[in-house]
Structures are given as structure tokens and as C-alpha cells.
Amino acid sequence: MKPRVLIVDDSLTVRMDLKESFEAAGFDTITCGTVAAARAACHDGAFDLAILDVLLPDGDGLELLQLIKSTPATASRPVLLLSTEAEVRDRVRGLQTGADDYVGKPYDSVQVVARARELVQRGRTGPREHPLILIIDDSPTFAGEIRSVVAAEGHETAVAGTGEEGLRLASDLRPDIIIVDQMLPGIDGLEVIRRLRADAALRRTPCLLLTASDKPDDELRALEAGADIFAQKHTAPSVLLTKLAALLRAPRPDTAALPSLLAPKRILAVDDSATFLNELCDQLRAEGYDAVAARSGPEAIELLGSQPVDGILLDLVMPGMSGQDTCRRIKAEPAWRDIPLIILTSLDEATAMVEGINAGADDYIAKSGEFEILKARLRAQLRRRQFEDENRDVREQLHRREMEAVEMQALRDLSETRASLIADLERKNTELAQANSALVAAKEATELANRELESFSYSVSHDLRAPLRAIDGFSQLALSKAGDTLDPTVRRHLDRVREATQRMGQLIDDMLSLARVTRQEIRREQVNLSAEAHAIINQLRSAPPGDRAVEVRIGDNLVVTGDRGLLRILLENFLNNAWKFTSKVAQPVIVFDRLPEPADGAVVYYVRDNGAGFDMKYAAKLFGVFQRMHSVEEFPGTGVGLATVSRVIQRHHGRVWAESTVGQGATFFFTLGHS
Amino acid sequence: MRPKTILLVEDNPDDRELALTAFATCNIVNDVTIAIDGVEALDYLFCSGIHTGRDPRALPAIVLLDLKLPRVDGLEVLRRIRADARTRLLPVVVLTSSREEQDLLRAYGLGANSYIRKPVNYEQFIQAVRQLGLYWLVMNEVPPIAVPGV
């Protein structure tokens, strides 16, 4: 469906001109000459865009604008004001009332159509359904022929009669292919292609150059200018179509978002001289620019606040705010800073130029009646601006891609790290679960073993001793009843039976003690080892035969934290041993004390005697069960004592070790981890 | 008046004979009543079972009680003695092989008057019996019989 444009203007000439231009560009039109007629049309709401003159015979275009913008059904319709402006203030007022754009009269119809199309298409995206082919040819006949050939293929077409119009249409429509005749009035086909190639948005549009000539030089020149394909005018339509199809197949990057250099530009001209300003604006409009005239610096700044422009021409010498000051103000505003600004000056003085440039102007030019240089400089500044935008775009894209690549890499690294962490975690969890169940099983096994050990100990304690008591008791009874009558050998045998029985009893007691030390619960408290040692020594001194003269030295206040019962067993074993193994020396000495220096942060206690000692060769066996260093005849014992000591130390997280020389005594060292 | 009887609760015949011999050695002349397990001990004390008809007021001077017994064990016997008003003040000496701390604590906890571990050495045993007899049968003043509620 064609977009419909509502045209409101009191001038019949303007209405007819716009109607023709819009219909040629593929629009439907409604034209109104009065506010009253326009109101009726607005009421219908059957339009996609309104173009309003401001001064109308029966009212004000701004009223219509307000009506359109305040009626919900039409509020979203774009409105373009088209008016002869007495002052910049009129333009600003229109834009502030809600106009989407403002083009000054006298207007360039191509520019008005382009602006209108831009407003209608704003927000509409997506690729074209059919390829659009722009034909630039001054011969309507020939253009019509090509048009019918490509239209038969289902392509859409647009036609321009001159190179300038073709360029504007190209920028406006962004065609898929441009077919351009080499021979054109004004700029020729080669120049059209050159200008297309100089435009960032259009330079990739495929161009087919048509020529009447078949000279090889022409083809070379065409290709050098940037044409993709060269075809002669008399080429058969089927060949032309094949060439077009080939061009259409080639992929093209999307440049739709880029602004085109050839798109209509709005130029703000600022000068206090009305004569010069009018002349300048006329010249600019003749070039297709929308020229906005401002008579002073403040007016220019007011305009910039409501409508963006593409370039600024600024007189240097003005009453009130000077050109330099205006320039400085404009360049200080971030949104306007990048707008190309050319200083105009009638003073051909170096200082004035320097002042202008210092104020931030991009270029300067001497005022004169010759406008060609001015226009060329303006074009150059606009192109520079576009290339800057393009470069910035390219840089931003590169930067974005770089960032994306870095982010992707980071994401990949992150997910890999995460995956490996999770795998690690899962493995550790599995291991933990296995270790846990192993631990639970071990704990159960330990508990079972402990229960078994307990009942075993209980049985041993009760049942194993009963027969021993009977053996000993009845042997003793036999000896006391019939001792005198017995053969001495028999008496000796009975004595041996009783001795064995005692040893067996002692063995059972020691084994039970060892078992108890292993499984008994630890109760920690402050224990004074010195006091315990004194008590044990007193017992030993009073035990039969009670005539041993042993020198005992016990360190004062050896206080530790530990289980009193177990520590008592520990000291009993050490001191009993020392007592026992010093029984054959002349001047027995037993020492219990602590070393002056701790080892590995723990206090080291020791029990030293000057008794029989042992061979260090067997030191490793010392703390095993049933390991004895001496025969029973030499020194009585069961070989369980030091194993019990070792368990007690173990249960206190300490260490025990010994040093000895045979015949010179032994020293037992120990630490208690938690003391 | 005849000295009161000693109730010896002991399942092991060897230990019984050694104990009786030890009493004789130590000149303890009291009658000794034997119970070979916990049930017999309780029957004697509470005049039930094989001791039905016995005068319940005739309590022994002392009960020598082994812990590990068939049927009803020594700790249970002790518990019932202490739970009954007639016997709750009766002197009970635990005489056992066990030196397990838990046995000792439980026996005292249930109200044993003394706890003696039978030594393997018979001479030491005789020594223990001598002191036991001297203390519990000669020195010790027993409370008056059967004072319910005291």
C-alpha cells in the first residue's frame, strides 16, 4: 500500500509541484488550500504524513499541527512544516510545537520528498521484498525501455533524469543496483559513479554504466571510475538482465544504517547582513541544501537547540555576540561539537582567521560573491565529517568485536574452569562419600570389636582367674597339710606350680590393664605428676621386702593435663621398671623430671635409672606387647608394661622413646601432646 | 546363743571349698549356708522355694556374694536385698574375681558394704578372709532385725 501524504499550502503552485513530486516518488496525495479543508482531512485521519505551510489564509498551520498531535488517532503521524520563515524564531516555534521536521521555503522538492520518506519509514526496517533498481538516464524513452525490461523480472524501479537527482535518489532509496547512462547533462555518468564511490553508505552499491560508445577506452575509464559492469546501450535486454542477476547475487554488507553523504543536508547560515545571508541561502538551496538563516549568534544557538544541522557557516564580524564567541559556544556543547563549522570573513587578515580557528572553527573562507569555492569547502567539510563518523563506526565495530571475542574467550575459560571445578567437586564428593562409608564401617567394626573386647575382658577377669585360684589354693593346702611328709622334689614341683600360677595371674592382670587403657574413655584434668610419682615410690618402698635403699629424685610441680588414671598407670610402669632394674646395682638412683628445653613445642619428661639398661639394638621392640629385654630369672615381668605405656602416650597424642646403654641404666622420654 | 550363719553365694565348687577351708584356718566358727546361685540365695533370704518355711527373721550375719552367678547374677541379688525392708540393712560383702571398675562401681552403687577381689595367691586370700571375719563378725555392730520403714 502506498503511503499517503497530506499537503496543506495556500499556493496552488506549491501544491501542484509537491503533488507531482510525491506521486512520482510513489506516494498518494491529498492537497488542501485552507485550514478548514485541512481540518476535514485531519478528521478522517487517512494520511501517513502531513506537510503543512505555516501561513494560511484562514488560519495558522501551527493550529493544525496542534490538532494532529493532540488527536489520539493522528498523534503518531509525522508532520513536516514547510514555510517561508521570516525569522529563525518561527522555525524554532514550529519544532517546539511538535513538528517532526521543518524545511524552509524556497524548497527543493527532492529534499522534501526525501525528508518525508525518511519520516514515514522511520522505525520501518527489514529487507526489501523485490530488488530496487535505480535508472539514471536523461532520455525518458530509453529509461522507460529499461524500466519495462527489469520490471518484467519483478524488480522495482526508480528513475532520475540527471546525475544530481540520481545521487539524491540513491541516497534516499538505497537501491540494490544503479544503472547509469554515461552521457548526462550536468555531471556525467562517470562523475555519478565517482561520487557514489566516495560515499560510505553507497560505495558498495553495484553500478552498471551504459554507454552508446563501443570504444575500449570508454570501458577502461568506466571501470576506473568504479563501475562494476560496463554495457553498451544496444546490448540485448536478456544480456543486460543476466548481468543484473549476477550483480544481485553478489553479497553486499549492510550499510543501511550509515547516513549517506549525498543525503539532503541542512545548513545553518549565520550573518548579520540580510543581503549576503539571502544570497548565500539561495545559493545553498540551489545546491539542494535546506538552508536555515540566522541573523545573530544567539539566534543560531536557539535554532541548534531545537533542530540538528549538518553544517554551519558563521560570519566572523557581527554586532552583539561575535562570530568567535558564537563559535566557542557551539564548540563547547558536546552535541554540536562535531558539526563542521566554517567561518566567513570579509577581513582578509591573518589574525582574524587565526582567531576563528582558535575559537574551534573547522575551516575559514573569505566572503565574496563567488560561491563555488565556498560550496566546495562545505562539501569537503561534510565529507570529512562523514568519514570521521564512518571511521568511528568502524573503530567501534572493531572494538566491539574484540570485546566480544575477549568475552567469549572469558566465558569459555569460565565455563571450562567451572566444569573442571564441578567435576573436581563431584569426584571429591564421591571420594568423601566413600571415605565416609568406609569410616562408618570402620567405626562400626571398631565398636563391635570394642564390645567383643569388653565381654572378652569381662570373661577373662572372672573366669580365667578362678582355675588359677584353685590350682594355687589346693597346691598350698597340699603343702601345708603334707609338706613335711613330701619328697623334697615334689615340694619343689608344687612350689613351681604355685609360682607359675602367680605369673599367670599377673599376666592376666597386665593384659586386662592394657585392654582397659586402650578402650577407656579419657577424662582430662590437671594432674600433678610429681605427687603421683611420690605416692608410687612410697608404695614401692613399703612393699616387701621393704629394705631397698634407692635414691629417688622427683622434679617439683610437674603438672600436666590428662587422664589421672591412665597417667598413674604410665608412671607406675616407668617407676616399677626403674625400681626393678636397679635391684642389682650398688647405689640405685631414679630420677623423674622434665628437660629444660621443649622438643617440637612439647615439654619432654623423663624417667632415668642407673640399672641394667638394654641394648639399643632392640629399642624398636621395646614398646611391643610381650617384648622382654631380660629373662624372667633375671628380672620378673610379663612384657606388657611398656606396651601399656605406649598406649597411654598414644591416647594423649604424645611421643615416647628411650635411650640406654647396657649396664649403665636407661632413660625413658615422653611428651603429652595436649598438656 | 549360736553365732549367726554366714551365707556364702558361690557357684564354683573349688572356690567354695577353698573358702570353707579358709574360714576354718581363720577359726571362724559360724555356720556357713551355701547358695550355688542367685535364686537359691534369694530363696534362703526370703524363705521361698527350697527354703520355704524357714524363719524369715533368722537373717545371716553376713552375705558373701559372688557377682558372676548362674540364673540370677550377684548384682541382681544385691539389688533385691536392698529393695526389701527386711534385708536392706543386711551386711553384704561382694567377693569376686572381677577387678573391672564397672563392677566395683555398680556394686557400691547398689549398696554393697564391701568389695573384695579374690586374689590368685591363696595365702593372700586367707589373709583377706581373716580380716573380713574379724571385722564383720567380731568388730561390727549389726543393726536390730527387721525395722520396716527405717
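## Two helices side by side

Angles under 35 degrees between two helix directions count as roughly parallel. Keep that cut-off in mind for a pair in chain A of this predicted model: helix 16 (residues 488-519) and helix 19 (residues 641-651) have axes that cross at roughly 10°. That angle falls under the cut-off, so helix 16 and helix 19 of chain A are roughly parallel to each other. Their axes come within 9 Å.

Who does the touching? On the helix 16 side of chain A you'll find A:Asp510, A:Ser513, A:Leu514, A:Val517 and A:Thr518. Helix 19 of chain A answers with A:Gly641, A:Ala643, A:Thr644, A:Arg647 and A:Val648. Sort the residues of this contact by class and you get 4 nonpolar, 4 polar and 2 charged.

## Chain A at a glance

Let's step back to the whole chain. Chain A has 675 residues, and 34% of them count as buried. Its secondary structure comes to 19 helices and 24 strands.

There is also a number for how the chain folds back on itself. Take the contacts in chain A between residues at least 6 apart in sequence: 64% of these join residues at least 24 apart.

## A sheet early in the chain

One open sheet in chain A has 5 strands, in the order 2-1-3-6-7, and the pairing is parallel. Strand 2 (28-32) and strand 7 (101-104) of chain A sit at the edges, each with a single partner strand, so one side of each has no neighbour in the sheet. Going from one strand to the next, the twist averages 20°.

For a look at one pairing, try strand 6 (residues 79-83) and strand 7 of chain A, which pair in the parallel sense over 4 bridges. Here A:Ser83 stands opposite A:Gly104 in strand 7 of chain A.

## Helices that pack on that sheet

Helix 1 (residues 12-24) of chain A packs on this sheet, touching strand 1 (4-8), strand 2 and strand 3 (49-52) of chain A. The direction of helix 1 makes about 170° with that of strand 2 of chain A. Then there's helix 5 (residues 109-121) of chain A, which lies across strand 1, strand 3, strand 6 and strand 7 of chain A. Helix 5 runs at about 175° to strand 7 of chain A.

How do helix 1 and helix 5 of chain A lie relative to each other, parallel or oblique? Their axes come within 10 Å and cross at roughly 55°, and helix 1 and helix 5 of chain A are therefore oblique to each other. The crossing is right-handed. From helix 1 of chain A, the residues A:Asp17, A:Leu18, A:Ser21 and A:Phe22 meet A:Ser109, A:Val112 and A:Val113 in helix 5 of chain A. By class, this contact of helix 1 with helix 5 of chain A has 4 nonpolar, 2 polar and 1 charged residues.

## Another sheet, further along

Further along chain A comes another open sheet of 5 strands, this one in the order 14-13-15-16-17, with parallel pairing. Strand 14 (290-294) and strand 17 (363-366) of chain A are the edge strands, and each pairs on one side only. The twist averages 20° from one strand to the next.

Within this sheet, strand 13 (residues 266-270) and strand 15 (residues 311-315) of chain A pair in the parallel sense over 4 bridges. A:Val270 stands opposite A:Leu314 in strand 15 of chain A. Helix 13 (residues 323-332) of chain A packs on the sheet and touches strand 13, strand 15 and strand 16 (341-345) of chain A. The direction of helix 13 makes about 155° with that of strand 15 of chain A.

## Where chain A meets chain B

How many residues of chain A are in contact with chain B? There are 15, and they touch 15 residues of chain B. Helix 15 (372-482) and helix 16 of chain A each supply at least two residues of the side of chain A that touches chain B. The largest share, 12 residues, comes from helix 15 of chain A. That side of chain A divides into 5 nonpolar, 7 polar and 3 charged residues.

## A residue to look up in chain B

Last stop: B:Leu8, in strand 1 (residues 6-9) of chain B. Is B:Leu8 buried or exposed? B:Leu8 has 23 C-beta neighbours inside 10 Å, so it counts as buried; the cut-off for that is 20 or more.

Leaving aside neighbours within four places in sequence, B:Leu8 is in contact with B:Arg16, B:Ala19, B:Val32, B:Ile34 and B:Leu64. Take B:Ile34 from that group: B:Leu8 and B:Ile34 are 26 residues apart in sequence and 5.0 Å apart in space, C-alpha to C-alpha.

Conventions: Residues numbered from 1 in each chain as written. Chains lettered and ligands numbered in written order. Predicted model: local features only at pLDDT ≥ 70, side-chain atom pairs only at ≥ 80, totals over all residues. Axes fitted to C-alpha atoms, helices over the stretch in contact; angles between N-to-C directions. Parallel < 35°, antiparallel > 145°, perpendicular 65-115°, else oblique. Contact = placed C-beta atoms within 7 Å. Nonpolar A, V, L, I, M, F, W, Y, C, P; charged D, E, K, R; others polar. Pairing = 2+ DSSP bridges. Buried ≥ 20, exposed ≤ 12 C-beta atoms within 10 Å, placed from the backbone. Left-handed = near helix turned anticlockwise from the far one by under 90°.
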